[in-house]
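Colleague: I've got this model open and I'd like to talk it through with you. Can we go residue by residue and then zoom out?

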Amino acid sequence: MSDFFSTLLDEFPQVRAGLWVTVEATVLGSLLALLLSFLLGLMAGSRLLPVRGVSRVVVEFFRGTSLYIQLFWLYYAMPQLTGYELTPLVCGVVAFGLNYGAYGSEIVRGAINSVPRAQYESAVALNMTPFHRMRKVIMPQAWVQMIPSFTNLLIQLLKATPLLWLISAADLMTAVEHVRSLTGETLVSYLLLLVAYFVLAYALTLLMNLLERTAKRRLGLHPGAGSLLKTRTAESAATAGGTR
């Protein structure tokens, strides 16, 4: 085990760079996923049939195909069709954004639909435009309900980042795997990975809990002092997002 830690110290610049790649893939993939979630989710509620149809086709395609295949297609197949090759990190960000954005769109759609009808009617009675109704009345209430489900979704995205190893990206998994190959310490190497991903996931949970507290306060709600440290369950997150 001493050999492992001495080798880890020697390879620390590569491990640190791998950690940064993992964080980059998580943050950029999450931003793209959130953008697509709102875009496709709002399109799903459009009155225009073609707009709803495009949203449904895109969502069902990326939910119905494997993230593995999407990742490999972007990295290996797309260059043969377009002649343009993406870097492993960009492939990962695009694949994660498309895949998890498709799932996130259902969170957005469900949360918007769960806002009481009386809120819509009150906004119409105040002669608010559709844009202002959504921005001032509907979305602030729906956003609070989206956050628990988005927390789970973003953690799932984080846990998918080791797939970057399969397309030769120098992420945290790749760096620790290199240390394992040099030392033969399989148990300690994968234990280190478990701890690292747990810390990253818990930090993401705390950040989303803080975001939820802020959103609730803007609605005049008063979350308890322990809400920042609360955990998420699949059942409660799904219910809060309006999806089952």
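Colleague: Let's start with arginine 63: is it buried, partly exposed or exposed?

Modeller: Quick caveat: this is a predicted model, where local features need pLDDT of at least 70, side-chain atom pairs count only at pLDDT 80 or more, and totals for chains, interfaces and linings use all residues. Residues are numbered from 1 along each chain as its sequence is written, and side-chain values use heavy atoms, with hydrogens and water left out. Buried means under 20% relative accessible area, exposed means over 50%, and partly exposed is in between (1.4 Å probe, protein chains only). Arginine 63 comes out at 29% relative accessibility, so the label is partly exposed.

Colleague: Which residue does arginine 63 form a salt bridge with?

Modeller: A salt bridge here is a side-chain nitrogen of Lys or Arg within 4 Å of a carboxyl oxygen of Asp or Glu. The partner sits with arginine 63 in helix α3 (residues 49-64), three residues apart, about one turn of the helix; helices are DSSP runs of H or I with at least four residues, strands are runs of E with at least two, and numbering starts at the N terminus. The closest N and O atoms are 2.8 Å apart, and the partner is glutamate 60.

Colleague: In helix α5, is glutamate 106 buried or exposed?

Modeller: Glutamate 106 pairs with arginine 109 in a salt bridge of 2.8 Å, N to O, and both lie in helix α5, three residues apart. Arginine 109 is partly exposed, given its relative accessible area of 28%. Glutamate 106 has a relative accessible area of 11%, so it counts as buried.

Colleague: And what does lysine 216 form a salt bridge with?

Modeller: Look in helix α9 (residues 186-218), where lysine 216 and its partner are four residues apart. Both of them are buried. The closest N and O atoms are 3.4 Å apart, and the partner is glutamate 212.

Colleague: Which residues do salt bridges that share partners join into one network?

Modeller: In general, side chains of opposite charge can pair when their charged atoms come close. By the cut-off above, the count comes to six salt bridges. Through shared partners, one network takes in Arg56, Glu60, Arg63, Glu106 and Arg109.

Colleague: Which side chain has a polar contact with asparagine 99?

Modeller: Asparagine 99 is in helix α5 (residues 88-114), and it counts as buried because its relative accessibility is 6%. A polar contact is a pair of N or O atoms within 3.5 Å; within protein, one must be able to donate a hydrogen and the other to accept it, and residues adjacent in sequence count only if both atoms are side-chain atoms. At 3.3 Å, the side chain joined to asparagine 99 is that of glutamine 70.

Colleague: How far apart in space are leucine 36 and leucine 98?

Modeller: Leucine 36 lies in helix α2 (residues 12-44) and is buried, as its relative accessible area is 16%. Leaving aside neighbours within four places in sequence, its contacts (heavy atoms within 4.5 Å) include Gly97, Leu98 and Gly101. The two leucines are 62 residues apart in sequence, yet their C-alpha to C-alpha distance is 7.2 Å.

Colleague: Zooming out, how many helices does the protein chain have?

Modeller: The C-alpha trace spans about 70 × 50 × 25 Å along its principal axes, and buried residues make up 41% of the 244 residues. As for secondary structure, there are zero strands, and the helices come to ten.
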